[in-house]
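Me: Could you walk me through this model, starting with how far to trust it?

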Amino acid sequence: MYATQALTQLVPLAADELDKNKVTPGVLGFLVFAALAVGVWFLMKSMNRHMGKVDFEEAPDPAAEPAGTDGKAAAATSGTGTKATASGKG
């Protein structure tokens with residue numbers, strides 16, 4: 001016999017005693033919730049400790065242009081000029 005069939009046979013027996021206005025999660029529900037809360041607290045504490053160890057400094061991009069130029073010098077040296085300049089007509 002399957003477990004679901006056994007449970008469906010027992011549900012009508014409990015339905016007579018069950019007051020839907022007084023159903024609470026009980027002690028087991030509280031313990032499960034408290035265990036989850038403590039687990040999340042430990043995970044957050046561990047994450048903060050690991051994030052404190054991170055020392056991230058982004059290296060400057062070697063292909064980026066210096067802050068003082070306006071981009072025209074970089075375009076001229078890289079060969080990305082206008083069509084007239086690139087074709088030799090102007």
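The chat below goes through confidence, fold, surface and one ring pair.

Reply: This is a predicted model, in which local features need pLDDT of at least 70, side-chain atom pairs count only at pLDDT 80 or more, and totals for chains, interfaces and linings use all residues. Residues are numbered from 1 along each chain as its sequence is written, and side-chain values use heavy atoms, with hydrogens and water left out.

Me: Where is confidence lowest and highest?
Reply: Going by pLDDT (the predictor's confidence in each residue, from 0 to 100), confidence is lowest in helix H4 (residues 83–87), with a mean of 53, and highest in H2, at 96. The protein averages 75, and 54% of the residues score at least 70.

Me: How many helices and strands?
Reply: There are 4 helices and 0 strands, where helices (H or I, at least four residues) and strands (E, at least two) are DSSP runs numbered from the N terminus.

Me: OK, what share of the residues is buried?
Reply: Buried residues, meaning those under 20% relative accessible area (exposed is over 50%, partly exposed in between, with a 1.4 Å probe and protein chains only), make up 1% of the 90 residues.

Me: And Met51, buried or exposed?
Reply: Met51, which lies in helix H2 (residues 26–53), is exposed because its relative accessible area is 54%.

Me: Switching topic, how many aromatic pairs are there?
Reply: The count comes to 1 aromatic pair, and the rings of Trp41 and Phe42 are edge-to-face because their centres are 5.0 Å apart and their planes are at 65 degrees. Rings of Phe, Tyr and Trp (its six-membered ring) pair if their centres lie within 6.5 Å, with planes under 30 degrees apart counted as stacked, over 60 as edge-to-face and the rest as tilted.
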